[in-house]
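Subject: Structure for you to look at

Hello,

Here is the structure I said I would pass on. Please open it first, then read the notes under it.

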Amino acid sequence: MTRTPQEIFAHHASALMAGDVDELVADYAEDAVLITPAEVFRGRDGVRGWVKGMLADLPDASWDVPTQVFEGDVLFIEWSAVATSSRVTDGVDTFVFADDSIRVQTVRCTLEKTG
């Protein structure tokens, strides 16, 4: 049974809150593309590297996603994350879903060191 984009993102958010890299990466297609201003990450291995880096930069963060706009197979979110010694207050992502997975994601955020 195929999950809806809303179900995929709900699982993705739960995995993020738990800091579960394997479950986060499982939401992506094998040939997924994750685009940031600095680099393009390809496939699950590329996504895994980016996710590990983000979680290391924001260890045990408290995440907030006040904006979620779904339009068909596309999701736009605004988010923030606060950790002990770092934070992001301007996160913006776009997700494109297909075939029960995340096919494309764009990420834009500013990591601030606070401690």
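Arg 3, Asp 27 and Asp 100 are linked in a network of salt bridges. Please keep in mind that this is a predicted model. Within the network, the closest N and O atoms of Asp 100 and Arg 3 are 3.0 Å apart. These two residues sit in distant parts of the chain: Asp 100 belongs to the loop between strand 5 and strand 6, Arg 3 to the segment before helix 1, and 97 residues separate them. Asp 100 is partly exposed, because its relative accessibility is 28%. Arg 3 is also partly exposed, at 24%.

In general, side chains of opposite charge can pair when their charged atoms come close. The count of salt bridges here is seven, and two others are worth finding on the screen.

- Arg 48 pairs with Asp 22, with 2.8 Å between the closest N and O atoms. Arg 48 is in helix 3 (residues 43-57) and Asp 22 in helix 2, 26 residues apart. With a relative accessible area of 25%, Arg 48 is partly exposed.
- Arg 103 pairs with Asp 31, and here the closest N and O atoms are 2.4 Å apart. This bridge links strand 6, which holds Arg 103, to strand 1, which holds Asp 31, across 72 residues. Arg 103 is partly exposed at 27% relative accessibility, and Asp 31 is partly exposed at 49%.

Which side chain of opposite charge is nearest to Asp 93? Asp 93 lies in strand 5, and the side chain in question is that of Arg 108, 9.4 Å away. Asp 93 is buried and has no salt bridge; the cut-off for a salt bridge is 4 Å, so a distance of 9.4 Å does not qualify. The side chain of Asp 93 does make polar contacts. One is with the side chain of Trp 79, at 2.7 Å, and another is with the side chain of Gln 105, at 2.7 Å. Leaving out residues up to four places away in sequence, the residues that Asp 93 touches include Leu 75, Phe 76, Ile 77, Thr 106 and Val 107.

Next, helix 1. It covers residues 5-18, which makes 14 residues, and it reaches 20 Å from its first C-alpha to its last, close to the expected 20 Å. Which of its residues are buried? They are Pro 5, Ile 8, Phe 9, His 12 and Ala 15. Seen down the axis of helix 1, the buried residues fall within an arc of 125°, so they line one face of the helix. An α-helix has 3.6 residues a turn, so residues three or four places apart point the same way. The cover over the buried residues of helix 1 includes helix 2 (21-26), strand 1 (28-35), strand 3 (62-71), strand 4 (74-82), strand 5 (86-98) and strand 6 (101-108). After helix 1 comes Gly 19, with a positive phi near 70°.

Last, two backbone angles. Most residues other than glycine have a negative phi. Asp 60 has a positive phi, near 50°, and is found in the loop between helix 3 and strand 3. Asp 60 counts as exposed, because its relative accessibility is 81%. Asp 99 also has a positive phi near 50°. Asp 99 is in the loop between strand 5 and strand 6, and is exposed with a relative accessible area of 73%.

Regards

Technical notes
Residues are numbered from 1 along each chain as its sequence is written. This is a predicted model: local features need pLDDT of at least 70, side-chain atom pairs count only at pLDDT 80 or more; totals for chains, interfaces and linings use all residues. Side-chain values use heavy atoms; hydrogens and water are left out. Helices (H or I, at least four residues) and strands (E, at least two) are DSSP runs, numbered from the N terminus. The expected span of a helix is 1.5 Å times one less than its number of residues. Buried means under 20% relative accessible area, exposed over 50%, partly exposed in between (1.4 Å probe, protein chains only). The arc is that of the directions from the helix axis to the C-beta atoms. Contact means heavy atoms within 4.5 Å. Lys and Arg count as positive and Asp and Glu as negative; His and the chain ends are not counted. A polar contact is a pair of N or O atoms within 3.5 Å; within protein, one must be able to donate a hydrogen and the other to accept it, and residues adjacent in sequence count only if both atoms are side-chain atoms.
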